[in-house]
Amino acid sequence: MLEVTLIYGFINSIILSLVALGFSLTFGISGVSNFAYGAMYILAGYAVWIFINKLSMPFFLAVILAVVLTAGLGLALYRFVLLRVRGLVISEVIATFGVGLAILELFRYLGFTTFEYTLPVFTDGSIEIGNTYIDHQRLWIVGVGIALAVGLYLFTHHTKLGLAFRAIAQDEKTALSLGINSDRIAGISVAFGSGLAAVAAVLILPRGTISVNEGYDVLINAMAVCIIGGLGSTVGVVVASFLIGYAQMLTDAFSGPHWKMIVSLVAILIILVVKPSGLFGKQKELEERI
Amino acid sequence: MLEVSNLMVFYENALALNDFSMKVEQGNIIAIIGSNSAGKTTLMNTLSGLILDTKIKEQRKGGERITLYGTIRFESEDITNVQPYDRVKRGMVLCRERHPIFPESDLVENLKIAGYLQKSSEVSAGVDYVFRLFPTLVRLKSRKAGFLSGGEQQMLTIGMALMVKPKMLLLDEPLLGLSPLMQNTLVDAIKKIRAETGLTIVITEQFARPILPMIDHGYIIENGMLTMEGSGIELMDNPEVKAAYFGV
């Protein structure tokens with residue numbers, strides 16, 4: 001029992017961080033809102049399903065195409081919606097959330113709600129650790145999840161583009177006066193974040209059927225992880241994922257699965273009262289210290 | 001190298017710069033001296049193009065209406081409507097007032113971000129140059145820039161601008177809020193930059209005393225209007241300047 005909880009808690013945590021990475025890249029690291037994130041995630045799932053089942057594409061081509069498509073959609077979202085309200089945070093949030101709502105509810109309207117919408121796993125089979133069986137898909141999730149978290153940290157600290165992402169979040173005018181085209185960088189950031197949402201979707205969705213409602217859960221979970229970890233910190237994303245991931249698993253095991261969903265919401269509440277900048281938050285740390 | 005003619009800037013109906021013209025020759029140090037609200041920062045933001053960004057942002061939120069008239073020519077090309085990041089590519093870099101840095105990144109990372117337009121090999125050479133120019137910064141390498149003192153941040157801002165390898169450096173009130181000792185350090189550094197790189201420098205400042213001795217040409221502005229111009233020595237000998245800025 002405990003062993004199962006520990007192992008599946010670990011996998012659950014990696015899933016959470018995988019879900020949160022793209023959101024963290026756009027909202028946390030570059031300071032651009034993309035609250036259509038959950039919709040992008042679900043859209044990528046349906047896109048893969050359509051590519052495979054309606055256009056009979058090979059699986060990996062469908063995956064790559066879906067990631068590119070979602071990233072492109074992110075860029076379009078920036079170019080046609082966000083750019084017009086850029087700099088007005090509340091408007092950014094409302095506009096992107098509205099777009100997300102429209103996308104998700106469009107899928108519901110079109111009838112994408114039945115159980116036939118499932119994605120194939122990468123490889124079939126399972127391994128045994130102790131007395132616990134873990135299927136290959138979850139191993140893929142763990143592997144890719146860890147690789148992406150490390151990759152994202154290195155990207156934002158050691159590449160020009162990654163540094164520019166962090167620059168526009170900290171001081172846009174200074175970035176502009178150093179030759180960084182902040183509008184372009186912000187657009188790329190939204191595209192990258194959406195692409196990461198698609199990567200998370202094709203890894204995670206094969207565990208069950210794709211449902212429209214999961215789009216909202218994904219957004220809430222991603223937001224919870226980013227707020228608790230602290231905006232702009234990749235280490236924070238990972239630590240917060242493990243906190244919430246294990247908290248969810250323990251709640252599931254000891255109080256029943258219907259309590260699981262409120263864990264992330266309660267966690268947001270507590271962290272906003274106790275340490276508003278998040279565990280590893282940098283955004284407000286300086287002001288709090290002074 | 002830089003030619004500003006008949007520049008006028010309105011915030012709503014308030015006139016921030018009134019028919020301002022100036023010329024900057026290659027390799028010169030030029031100063032624009034004026035008291036608070038004389039239009040110094042507006043001038044710098046207009047020269048660097050940042051005002052175009054502010055204008056759009058204000059328009060989006062339905063804020064202040066900013067209107068520009070006049071022309072700015074840089075290396076005999078009209079850059080009046082060129083975006084700020086493109087002006088940087090053309091070789092014109094601004095250090096904004098109150099030493100804005102990236103507070104959450106450490107000092108070296110700030111310099112790396114500033115090297116955005118350079119090749120990686122040039123970035124490390126640039127960092128070395130900044131450390132040679134400001135040896136005090138070396139031991140603060142891995143400190144978060146937000147925790148540096150005002151003077152250290154000002155050195156860093158100038159260092160970041162130099163990372164871009166500009167042809168023309170615009171300094172907006174580099175001495176603001178610094179101790180006289182730190183002011184002298186910075187003035188020495190500016191002289192050194194000019195001597196070593198032959199960079200063209202435009203400074204706005206309200207502390208005339210440390211600035212006037214090193215400039216080739218100076219402009220005095222009041223309420224957005226040019227009231228006087230001349231060489232550094234001419235300005236220092238002028239009784240009105242003496243009364244207003246030296247307290248004699």
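Me: Which strands does helix H1 of chain B lie across?
Reply: In this predicted model, helix H1 (residues 40-48) of chain B lies across E1, E2 and strand E4 (66-74) of chain B. Its angle to E2(B) is about 60°, with axes fitted to C-alpha atoms, for helices over the stretch in contact, and angles running from 0 to 180 degrees between N-to-C directions. Helices (H or I, at least four residues) and strands (E, at least two) are DSSP runs numbered from the N terminus.

Me: Any ground rules on numbering and confidence?
Reply: Residues are numbered from 1 along each chain as its sequence is written, and chains are lettered from A and ligands numbered from 1 in the order in which they are written. As this is a predicted model, local features need pLDDT of at least 70 and side-chain atom pairs count only at pLDDT 80 or more, while totals for chains, interfaces and linings use all residues.

Me: What is the strand order in the sheet with E1 and E2 of chain B?
Reply: The order is E2-E1-E4-E5 in chain B, an open sheet with antiparallel pairing. Two strands pair if DSSP finds at least two bridges between them. Strand E2 (14-24) and strand E5 (77-78) of chain B are the edges, each pairing on one side only.

Me: How many bridges join E1 to E2 in chain B?
Reply: 7 bridges join strand E1 (residues 2-11) of chain B to E2(B). Tyr11(B) has Ala14(B) in E2(B) as its bridge partner.

Me: And the sheet of 6 strands in chain B, what is its order?
Reply: E6-E7-E8-E3-E9-E10 (chain B), open, with mixed pairing. E6 and strand E10 (225-230) of chain B are the edge strands. Twist averages 15° from one strand to the next. Strand E9 (residues 217-222) of chain B pairs with E10(B) in the antiparallel sense over 5 bridges, and Gly218(B) stands opposite Gly230(B) there.

Me: Switching topic: how many residues of chain B are in contact with chain A?
Reply: 27 residues of chain B, against 20 residues of chain A; contact means C-beta atoms, placed from the backbone, within 7 Å. Elements giving two or more residues to that side of chain B are helix H2 (50-60), helix H3 (84-89), strand E6 (92-95) and helix H4 (107-114).

Me: What share of chain B is buried?
Reply: Buried residues make up 44% of the 248 residues in chain B. Buried means that 20 or more other C-beta atoms, placed from the backbone, lie within 10 Å of the residue's own; 12 or fewer is exposed, and in between is partly exposed.

Conventions
Contact = placed C-beta atoms within 7 Å.
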